[in-house]
There are 2 protein chains.
Amino acid sequence: MKSLEELRKEYEDYKARGLKLDMSRGKPCREQLELSMPMLDTLDSKSVMAAEDGTDTRNYGVLFGIPECRALMGEMLGVPADNVVVFGNSSLNVMFDVLGHAFHHGIMGGTPWCRLEKPVKWLCVVPGYDRHFGVSQYWGCENVCVNMLLDGPDMGTIEELVASDEMIKGIWCVPKYSNPTGNSYSDEVVRRMARLKPAAKDFRIFWDNAYGIHHLYDDNRDEILDIISECAKAGNPDMVYEFASTSKISFPGAGVACMAASAANIEDFKKQMNFQTIGHDKINQLRHVKYFRETESLDVHMRRHANILRPKFQMVANIFDDELFEIKNRGLVRWTVPKGGYFISLDVPKGCAKKVVKLCADAGVKLTGAGATYPGGYDPEDRNIRIAPSFPPLDELETATRLLCLCVQLCVAEQDGF
Amino acid sequence: MKSLEELRKEYEDYKARGLKLDMSRGKPCREQLELSMPMLDTLDSKSVMAAEDGTDTRNYGVLFGIPECRALMGEMLGVPADNVVVFGNSSLNVMFDVLGHAFHHGIMGGTPWCRLEKPVKWLCVVPGYDRHFGVSQYWGCENVCVNMLLDGPDMGTIEELVASDEMIKGIWCVPKYSNPTGNSYSDEVVRRMARLKPAAKDFRIFWDNAYGIHHLYDDNRDEILDIISECAKAGNPDMVYEFASTSKISFPGAGVACMAASAANIEDFKKQMNFQTIGHDKINQLRHVKYFRETESLDVHMRRHANILRPKFQMVANIFDDELFEIKNRGLVRWTVPKGGYFISLDVPKGCAKKVVKLCADAGVKLTGAGATYPGGYDPEDRNIRIAPSFPPLDELETATRLLCLCVQLCVAEQDGF
């Protein structure tokens with residue numbers, strides 16, 4: 001290990017380079033965006049604009065989305081088309097609206113949550129997705145942390161909490177290639193989730209299957225059980241809403257989002273949708289169907305994404321292995337090596353995450369804010385950092401990752417005091 | 001005037017024809033949808049996808065919309081781009097969300113409306129737009145009717161109500177080519193609206209400028225004052241949200257919607273947007289900008305729409321003139337002759353609207369439900385029928401309109417008793 005002096009010198013050298021790199025968000029990179037450009041050729045002024053049931057996709061209507069797009073998204077999720085509703089471009093917006101429905105209107109005739117005497121509590125698997133936590137916080141929930149373990153959330157704690165407290169109304173889950181840990185829920189965890197016996201009748205699992213087909217490898221993939229059918233088998237058919245989108249498949253700004261749920265849940269949410277909109281963008285739905293049915297299969301398309309992302313994930317892992325090996329052996333740091341998704345989770349020494357992120361920022365590399373993976377931005381141990389390797393080009397990613405490692409080494413050396 | 005017997009015979013003849021016509025909603029017709037098809041050629045796989053500020057429209061982000069689309073919508077409304085936020089495809093959805101923000105979060109730090117002891121009251125100009133009334137009803141408002149007069153809503157009543165009752169928090173307005181009357185607010189009405197002195201500090205005018213450039217004629221157009229600047233002049237800069245979309249300009253299912261408001265209102269609503277979404281469909285925003293800046297001007301485009309719609313409006317007016325002339329002279333019916341928009345408002349004899357609509361339905365012509373132009377579907381005089389001439393082809397429109405006139409004649413003859 002290098003001396004503190006050497007490390008400080010190296011850090012000053014980085015600073016002198018005037019870097020301006022961004023690893024803060026899970027954005028697809030330019031090459032990934034290029035992959036979907038042929039989708040823009042699927043519709044032009046000569047195209048037949050009718051859906052398979054004859055509906056003119058250009059006009060008003062069709063609240064749940066055109067049938068073939070419901071089917072496409074259903075196939076992606078392994079859920080029948082009838083259980084799928086297609087929305088606009090943002091699954092986050094759908095989650096926001098479903099929670100709004102629960103707060104204002106109540107789920108299936110239950111008391112609207114905004115009318116309850118006490119605040120609703122919401123389980124947040126940590127580390128997790130900051131925007132999820134923001135949505136439940138916005139609607140007024142008290143976010144309650146539950147730890148992510150190697151095979152999914154700590155189910156023992158969840159089972160106890162939901163069974164004993166009827167103010168716990170829901171949980172955020174990213175079950176596959178989770179944000180930010182990149183690991184997936186085991187079959188046992190999914191089954192235990194489906195078998196929950198919540199005290200609240202209107203408890204709902206918000207199952208954000210954001211990375212369902214976002215594998216990095218052909219031969220080394222995570223697969224998870226279908227939560228919709230598991231819930232049905234467990235006698236809890238209405239306990240889950242599943243969400244997904246093509247944001248990281250086609251275009252992040254211009255994909256299609258969907259919700260899958262039981263017929264009863266869909267019927268219930270329709271009561272809000274009927275007032276909210278006349279229908280979502282069916283032309284974009286048709287564009288997606290044409291591209292992924294006629295031009296390129298989802299599977300091939302996702303392999304192309306993987307070919308761009310894999311080297312980035314591998315580079316970060318390799319640099320971590322090289323640079324943080326000693327510190328890891330001392331038990332001070334750990335990181336995940338995901339087989340898919342968009343993130344790597346790095347735990348630095350306790351009390352150092354904010355410092356590492358600031359050191360990186362001061363040297364021109366923007367990371368996701370320390371604490372962002374916890375509700376309210378408060379990481380009690382101040383140690384988790386979310387690494388988002390997708391956006392920067394490889395050379396920038398290498399620089400940024402090496403700087404990050406240097407900052408971790410610097411923190412450790414300063415703690416060691418030599 | 002024909003005898004009751006003759007009219008009944010004619011009605012039975014219509015019935016025997018097995019018609020299946022739909023005049024129920026203000027949907028653009030197929031020819032109108034064709035007008036915008038070249039918009040689909042503006043972007044293809046070879047296109048440069050950057051916005052004018054360099055943003056990649058394909059990726060995440062840009063909460064308020066790309067600058068050039070904000071400018072385009074701003075020009076349409078006569079409002080600076082900085083005061084415009086561009087959303088997804090549905091302005092109704094934006095209104096729904098803004099009302100949700102007020103109910104759940106409160107406007108500019110005010111008490112959230114769902115926390116108030118008494119229900120919020122909402123002014124509804126009648127006859128008006130059923131979906132507006134549905135949104136305020138959904139959020140829990142008590143809808144209060146105010147009459148539409150020839151030059152806009154009854155301002156005297158509105159001034160009195162908003163000044164005296166702090167539970168009145170807002171009003172729905174369609175200021176130009178109003179739905180369904182087709183008339184527009186006079187300058188005096190707009191100014192009085194802007195000068196309102198509401199008891200509620202968080203009172204807001206929901207100004208749905210849905211038909212701002214939807215003229216039928218080149219030389220005979222309504223123009224209204226800009227409410228945003230009038231409110232500012234009157235010392236009420238934050239009292240209004242203006243809404244619009246390209247739903248009836250480009251594609252009803254795949255246009256872009258916007259809100260125009262003061263900087264303070266936009267900043268306030270941003271608090272919700274930040275949690276709700278990462279951004280709306282910027283590719284579709286770019287598509288609209290390219291089409292209306294490079295291919296076809298909005299003005300020329302709207303003339304093409306007018307050329308399709310004008311004969312339909314004129315046909316309905318002519319048939320009404322022919323068939324309902326005598327009944328009109330007796331003061332039993334009246335109708336509007338709009339210079340733009342999508343609707344004609346027909347008042348049939350008191351107590352006859354439901355009957356007329358049912359007679360038409362029984363003969364295979366679907367009209368907008370009687371009462372739909374009033375909150376809760378309750379027209380106290382049961383006399384208003386909204387005519388939507390845009391969708392059916394001319395020959396079908398003629399048949400439907402003649403049947404409608406016959407049904408009105410039949411009702412009158414039955415009332416007359418001979």
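Modeller: Two strands pair if DSSP finds at least two bridges between them; strands (E, at least two residues) and helices (H or I, at least four) are DSSP runs, numbered from the N terminus. Residues count from 1 along each chain as its sequence is written, while chains are lettered from A and ligands numbered from 1 in the order in which they are written. It's a predicted model: local features need pLDDT of at least 70, side-chain atom pairs count only at pLDDT 80 or more, and totals for chains, interfaces and linings use all residues.

Colleague: OK, what is the mean pLDDT of chain A?

Modeller: pLDDT is the predictor's confidence in each residue, from 0 to 100. In chain A, 100% of the residues reach 70 or more, and the complex gets an ipTM of 0.97 and a pTM of 0.97. The mean for chain A is 97.

Colleague: What kind of axis relates the two copies?

Modeller: I superpose by least squares on C-alpha atoms of residues with pLDDT of at least 70 in both copies. Chain A lands on chain B with an RMSD of 0.0 Å after a turn of 180° and a shift of 0.0 Å along the axis. The copies are therefore related as by a two-fold rotation axis.

Colleague: Which helix gives the largest share of the side of chain A that touches chain B?

Modeller: Taking contact as C-beta atoms, placed from the backbone, within 7 Å, 43 residues of chain A meet 44 of chain B. Helices α4 (91-104), α5 (130-138), α9 (263-276) and α10 (282-295) of chain A each supply at least two residues to that side. The largest share, six residues, comes from α4(A).

Colleague: In the sheet β10-β11-β13 of chain A, which are the edge strands?

Modeller: This open sheet has antiparallel pairing. Four bridges join β11 (residues 344-347) to β13 in chain A, and A:Ile344 stands opposite A:Ile387 in β13(A). Pairing on one side only are the edge strands of chain A, β10 (334-335) and β13 (384-387).

Colleague: And β7(A): which of its residues point the opposite way from A:Arg204, A:Phe206 and A:Asp208?

Modeller: β7 (residues 204-208) of chain A is mostly covered, with five of its five residues buried (20 or more other C-beta atoms within 10 Å of its own; exposed is 12 or fewer, partly exposed in between; C-beta atoms are placed from the backbone). Four bridges join β7(A) to β6 (residues 168-173) of chain A in parallel, and A:Ile171 stands opposite A:Ile205. Pointing the other way from A:Arg204, A:Phe206 and A:Asp208 are A:Ile205 and A:Trp207.

Conventions:
Contact = placed C-beta atoms within 7 Å.
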